[in-house]
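Hi,

Here is the structure I promised to send over. My notes on it follow below, so keep it open while you read.

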Amino acid sequence: MDQKLADEAMSALVEEERVPGLAISVWQKGEIVWSKGYGFADLEQQVPVDPLHTRFRIGSISKPIAAAALAKVYERGQIDLDASIYTYLPQFPKKAYDFSTRQLAGHIAGVRHYKGTEFLSDDKYETVWEGLAIFKDDSLLFEPGTQYNYSTYGWNLLSAVTEIASGKEFLNLVQTEVFNPLGLEKTHADWNHEIIPWRTRFYELTPTEVQHAPHVDNSIKWAGGGFLSTTDDLIKFGEAFMKPGYLKKETLDIWLTSQKLNDGTETGYGIGWRVGTLAGKYKWFGHSGGSIGGTSWLIVFPEEEVIVAVLSNIGGLSYGQVPFQVGQFFIE
């Protein structure tokens, strides 16, 4: 491993992209071997980033978290991945085609993604069902299984299905089935009204300066992109998917295998996880995330036993290949 090269790569990224604050943690064969904070969690108060404590918006890394809750429901036999979602949500408006939980989880159901200014929503939703109102009456984009279309709203719908199947409110389910058993004490819903220790401030870049990000309310999309976490907590979470234990081998195989379209084309996405190969030889699974005021990556190399978690407090940041390069530094 080469911490020096990793530090140089991250330092250059922070400087070139004018990142206010960033945390990175790297796990290797059973322990965190490198963890560092860059810049500030609060620019005005000059509060340094602390990878152990600073809580960032993780964006779509919330999807693997929701997928973990779904996995527990699946393992108890409470949900059939290939049954129609109307089995669980008969009140959801009927579409031209039927579709399943598995298709929702793999972004091949045809449910649309954000449009217009929806990503900037500042409305508070008290329940998962309320959050479906923004898209529930829209038509599917295509016949399920024929195309891949990344959709956070698909995961919002999936969380409603999971609620009904499990008989538990979604956030409570995530707390009891994911956060508590895995010891994720610094990972939780990004409620605006709560006092959350160590929550970073959120920023955006203009061509000339760093500014506060617009105020948004993420209660519209807990499962799709509504959680806060630290890099250390994300390492624990990624570790739970490396081998059977928290989940059964059969479940891991399903969740971490690319789904296929009807014509056999692989999508590169399983159930809540992207899957791929680095440099033609290192298999990985992981997820990125983009939020208002946050950009994230979690990458797991199961065979090499390396995990990389990167979180920043600015939206629209391009990490490029840097998180993968850091992983490679600790593999080779």
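Strands 4, 8 and 5 make an open sheet of 3 strands, in the order 4-8-5 and with antiparallel pairing. Its edge strands are strand 4 (56-57) and strand 5 (188-189), each of which pairs on one side only. Strand 5 is joined to strand 8 (residues 227-229) by 2 bridges, and these two run antiparallel. If you want a landmark there, Ala189 has Phe227 in strand 8 as its bridge partner. Helix 6 (residues 170-182) packs on this sheet, touching strand 5 and strand 8, and its direction makes about 30° with that of strand 8.

Before going further, some housekeeping. This is a predicted model, in which local features need pLDDT of at least 70 and side-chain atom pairs count only at pLDDT 80 or more, while totals for chains, interfaces and linings use all residues. Residues are numbered from 1 along each chain as its sequence is written, and side-chain values use heavy atoms, with hydrogens and water left out. Helices (H or I, at least four residues) and strands (E, at least two) are DSSP runs, numbered from the N terminus. Strands pair if DSSP finds at least two bridges between them, and contact means heavy atoms within 4.5 Å. Axes are lines fitted to C-alpha atoms, for helices over the stretch in contact, with angles from 0 to 180 degrees between N-to-C directions.

Back to helix 6. The axes of helix 2 (residues 62-75) and helix 6 come within 9 Å and cross at roughly 80°. That makes helix 2 roughly perpendicular to helix 6 (65 to 115 degrees counts as roughly perpendicular, under 35 as roughly parallel, over 145 as roughly antiparallel, and the rest as oblique). On the helix 2 side the contacts involve Ile65, Ala66, Ala68, Ala69, Lys72 and Val73, and they meet Phe170, Leu173, Val174, Glu177, Val178 and Phe179 in helix 6.

There is also an open sheet of 7 strands, in the order 3-2-1-12-11-10-9, again with antiparallel pairing. Strand 3 and strand 9 (274-278) stand at the edges with a single partner strand each, so one side of each has no neighbour in the sheet. At the strand 9 end, 5 bridges join strand 9 to strand 10 (residues 282-291) in an antiparallel arrangement, and Gly276 has Trp284 as its bridge partner in strand 10. Helix 8 (residues 231-239) lies across strand 1, strand 2, strand 10, strand 11 (294-301) and strand 12, running at about 145° to strand 12.

At the other end, strand 2 and strand 3 (residues 47-48) pair antiparallel over 2 bridges, with Phe40 partnered by Pro48 in strand 3. They form a hairpin with 4 residues between them, and Gln46 in the turn has a positive phi of about 55°. Strand 1 and strand 2 pair antiparallel over 8 bridges; Ser25, for one, has Ser35 in strand 2 as its bridge partner. Their hairpin has 2 residues between the strands, and Lys29 takes a positive phi near 50° there.

Why look twice at those phi values? Most residues other than glycine have a negative phi. Lys29 counts as exposed at 58% relative accessibility (exposed is over 50% relative accessible area, buried under 20%, partly exposed in between, with a 1.4 Å probe and protein chains only). His107 also has a positive phi, near 65°, and is found in the loop between helix 3 (101-105) and helix 4 (128-131). At 2% relative accessibility, His107 counts as buried.

Last, helix 1. Its 14 residues (3-16) should span 20 Å at 1.5 Å a residue (the expected span is 1.5 Å times one less than the number of residues), and its end C-alpha atoms are indeed 20 Å apart. Which residues of helix 1 are buried? They are Ala6, Ala9, Met10, Leu13 and Val14. They cover an arc of only 130° around the axis (taken from the directions from the helix axis to the C-beta atoms), which puts them on the same side of helix 1. The face turned away from that buried side carries the exposed residues Lys4, Glu15 and Glu16. Cover for the buried residues includes strand 1 (21-28), strand 2 (31-42), strand 12 (306-312) and helix 10 (322-331). Arg18, which follows helix 1, has a positive phi near 55°.

Cheers
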